[in-house]
Amino acid sequence: MELSGSEIIVQFLKDEGVEYVFGYPGGAVLHIYDAIHQQDDVKHILVRHEQGATHAADGYARATGKPGVVLVTSGPGATNAITGIATAYMDSAPMIVLSGQVPSGMIGSDAFQEVDAIGCTRPCVKHNFLVKDINDLAITLKKAFYVATSGRPGPVLVDIPKDITAPQIKIPYQYPESINMRSYNPTVKGHPRQIKKAVELLLSAKRPMMYSGGGVILGDAAQELRTLTRQLGFPITQTLMGLGAYPAPDPQNVGMLGMHGTYEANMAMHECDVLFAIGARFDDRITGDTSKFCPHAKIIHIDIDPASISKNINVDIPIVGEVKKVLSDMAQIITDSHQKPDQEALAKWWGKIKNWQAQDCLAYDRDSQHIKPQSVIETLYEVTHGDAFVTSDVGQHQMFAAQFYPFNEPRRWINSGGLGTMGFGLPSAMGVKLAFPDADVACVTGEGSIQMCIQELSTCLQYDLPVKIVNLNNRYLGMVRQWQEFFYEKRYSHSYMDALPDFVKLTESYGHVGIRVENPADLKSAMEEAFAMKDRLVFLDVITDQTENVYPMIQAGAAHNQMEISPDHQKRQNSINPEGELA
Amino acid sequence: MRHIISLLVENESGALSRIAGLFSARGYNIESLTVATTEDPTLSRMTIVTLGSDKIIEQITKQLNKLIDVVKLQDMTDKDHIEREMMFVKVRAEGESRRSEIQRVSDIFRARIIDVTDTTYCIELTGSSRKLDAYIKTLHEGDVIEVVRSGSMGITRGEKSLSL
Ligand SMILES: Cc1ncc(C[n+]2csc(CCOP(=O)(O)OP(=O)(O)O)c2C)c(N)n1
Ligand SMILES: [Mg+2]
């Protein structure tokens, strides 16, 4: 088959099983767009901003486990995509970005819309390629998909000069079925001796704690995690990125850990004698003060990325390998050994944890005449029967969603954890909705974040993507305001969202449905009304309490046993004794 | 501690900037970096000399290994290895006694004078980085006109090699 470079790209995507490409045209990719026009197998979604394309592809990838594909033009097309590439990089989402480039002969001449896309993206991609010869095009694309989806996944950019895609130049094309790269062999099998040592340590633990992260979701290891956790009977906490791998409503789950994690999860981290970290990377929002992190614990760590091991926290038993396989090996070894953890010690440990749980650290004022943001998420959970895909933006609303929507399944909670990118919520919801058209997809957002990619409302209309937007409208960059309240003596510098649009009218002008909710009594019925409109995008503009803060909170750089639970300052001061327990 | 790390990398245009970028982005130290193509034109050999605690060196090697263009890596520091650096020094050499003094010292260091003018010598010297430092110290500071150093390169002794 003789194909032009453009035709090779499109045919390759089809052969690779790509359903959707999220993109935006421009000079350097016109040939490619012409090839896209002449077929229907690979569907192109025209976003309204390249950042939207990357987040949409990212949402699609996180919900499905398949790589998301983006197509942008050179120069501003590529630079607009960078925020979304970096977002995917920080959260290890598999993504392929095809960027147009000025013709090979003009590279380096400051040509119109020329930017060094390879150089610009280098620090925030897993790898990138510049295609210099049409004969390398198909194999380079194959490499890009292989690198993006294997090992620790991540975004890969392929920069394609315009001349490579010219319709006149045709070469024979064959889909490269497999690929071998001498410089890239992601380690996959955990070391058996390390695994055995880890099992022995787990079985000897008196106060064990499991801490699982996004790696369990990326590695499709939720089932294995559940089996092993139940077999051991240990408490488990999950990171912001790991929510849903272990079902939140399960009694062994003690909730999220870290800066806005639960009191019980953080206290159990502080007190445990064996910490079992699974596909988690000891991020600073988790560890707080690293010198006071899990001071009594021996640590086991499974990760597919050797560089994640002992990076922030030294571990005692590292296991480099695929989480799924390592967890199932462990479960097997324990079954075969007919051994059990020390039941007496475990019962005592659970007793302690139950005491911490009794503090009810997520309590909030349910009788307020204002709508409390927590209650909005709880209502969302009720109305969607806990079965929705929930994407989120960044801020207080994100934390409330993570705390108050108990996820049962992996890949249901989709948020920008590593980079914390405002603007992620709506476009990522579009990607999810495309992948799962029959599912409820909710975007939990704030009036600040939603304005960063609001233009995608137009894309939603064009492609019939009836997502539900739940805007926790507190008229503040709430998370910024919270820090200013706590740490800057309430000097609210530029965190008030003045001159807000009328979101209902705005949504309507985009051709969708807008509903404003101002009264707690109307919340549930409005939410039900929104989700009953299966085929309409509904923007729920919920006017929430402006003064609400996210609790519990560990200040940046503090230790796990230095949580602040109650919003009442006096109580906060007095409530925790020097051992970190509530008085 | 000072570490000397050898790498085999794909001979691709972006490889060097990826490695240099890694060091600057993560705040690691580069004492020296040398690179050239090997007998296999698809591979480059790079030697990096870096400073850091054991923990940082561990991260450096892991992060380097993680780069897709890095084919193989070896930290030679604790292995029996040979290390050399090459240097050119252009130095002011005026008056008979000064000229012969420079010659004498150069002989002791087994340095060679490779270019001569009425007023200058250009000297070539190969050895460990410390030897190069020591040689420079023997010259009067004001006399040194120009110094060019290659950065260190290393090779392990014996049968074992860094190759595919
Ligand atoms: C692109 C970007 N810019 C700035 C920030 C810093 N930031 C973090 S949370 C936040 C406030 C978000 O406000 P809003 O979307 O209204 O959410 P709220 O906290 O009020 O729920 C800001 C500005 C960010 N995370 N991302
Ligand atoms: Mg807000």
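In which helix of chain A is A78(A) found? I started there, in a model that is predicted.

**Entry 1: A78(A)**

I found A78(A) in helix α4 of chain A, which spans residues 76–90. I then looked up its accessibility, and at 7% relative accessibility A78(A) counts as buried. Leaving out residues up to four places away in sequence, I listed what A78(A) touches: V72(A), T73(A), S99(A), V115(A) and A117(A). I also took one distance along a longer stretch of chain. L157(A) lies 79 residues from A78(A) along the chain, and the C-alpha atoms of the two are separated by 9.7 Å.

**Entry 2: helix α10 of chain A**

I next checked how well helix α10 is covered. This helix of chain A runs over residues 263–271, and nine of its nine residues are buried. I wrote down the buried residues of α10(A), among them Y263(A), N266(A), M267(A) and H270(A). The list also includes the charged residues E264(A) and E271(A). What covers the buried residues of α10(A)? I noted that the cover includes the strands β9 (208–212), β10 (236–238), β11 (253–256) and β12, along with helix α13 (343–357), in chain A.

**Entry 3: cysteines**

How many disulfides does a search of the whole structure find? I got zero over all chains. I wanted to know why C272(A) has no partner. The closest cysteine sulfur to that of C272(A) belongs to C294(A), and at 4.4 Å it is too far for a bond. The cut-off is 2.5 Å between the sulfur atoms, so this pair does not count. C460(A) is in no disulfide either, and its nearest cysteine sulfur, in C443(A), is 9.2 Å away. Are these cysteines buried or exposed? C272(A) is buried, at 0% relative accessibility, and C460(A) is buried too, with a relative accessible area of 2%.

**Entry 4: backbone angles in chain A**

I looked for unusual backbone values. Which residues does a cis peptide bond join? I found Y551(A) and P552(A), with omega at about -10°. P552(A) has its place in the loop between β20 (538–543) and α21 (569–575) of chain A.

I also noted two residues with positive phi. F282(A) has a phi of about 55° although it is not a glycine. The loop that holds F282(A) lies between β12 (274–278) and α11 (284–287) of chain A. F282(A) is buried, with a relative accessible area of 2%. R475(A) is not a glycine, yet it has a positive phi of about 55°. I placed R475(A) in the loop between β18 (468–473) and α18 (478–487) of chain A.

**Entry 5: chain B**

I turned to chain B and counted four helices and nine strands. From the N terminus on, I read the order of elements as β-α-β-β-α-β-β-α-β-β-α-β-β. The C-alpha atoms of chain B fill a box of roughly 55 × 30 × 30 Å, taken along the principal axes. Of the 164 residues in chain B, 45% are buried. I also looked at the contacts in chain B with a separation of 6 or more, and residues 24 or more positions apart account for 73% of them.

**Entry 6: where chain A meets chain B**

I then looked between the chains. In contact are 19 residues of chain A and 19 residues of chain B. The area buried between chain A and chain B is about 1600 Å², and carbon and sulfur atoms give 45% of it. Which residues of chain A lose the most area to chain B? They are R122(A), R182(A) and S183(A), together 40% of what that side buries.

I counted three salt bridges between chain A and chain B. In one salt bridge the side chains of K66(B) and D305(A) meet, at 2.7 Å from N to O. For polar contact, I have 13 residue pairs across the interface of chain A and chain B, both residues at pLDDT 80 or more. I sorted the residues of the chain A side that touches chain B into six nonpolar, six polar and seven charged.

**Entry 7: Q63(B)**

My last lookup was Q63(B), which is found in helix α2 (residues 54–66) of chain B. Q63(B) counts as buried, at 5% relative accessibility. Not counting residues up to four places away in sequence, Q63(B) touches A307(A) in chain A, and L22(B), R26(B) and Y28(B) in chain B.

Methods
Residues are numbered from 1 along each chain as its sequence is written. Chains are lettered from A and ligands numbered from 1 in the order in which they are written. This is a predicted model: local features need pLDDT of at least 70, side-chain atom pairs count only at pLDDT 80 or more; totals for chains, interfaces and linings use all residues. Side-chain values use heavy atoms; hydrogens and water are left out. Buried means under 20% relative accessible area, exposed over 50%, partly exposed in between (1.4 Å probe, protein chains only). Contact means heavy atoms within 4.5 Å. Buried area is the accessible area (1.4 Å probe) that two parts lose on being put together, summed over both. A salt bridge is a side-chain nitrogen of Lys or Arg within 4 Å of a carboxyl oxygen of Asp or Glu. A polar contact is a pair of N or O atoms within 3.5 Å; within protein, one must be able to donate a hydrogen and the other to accept it, and residues adjacent in sequence count only if both atoms are side-chain atoms.
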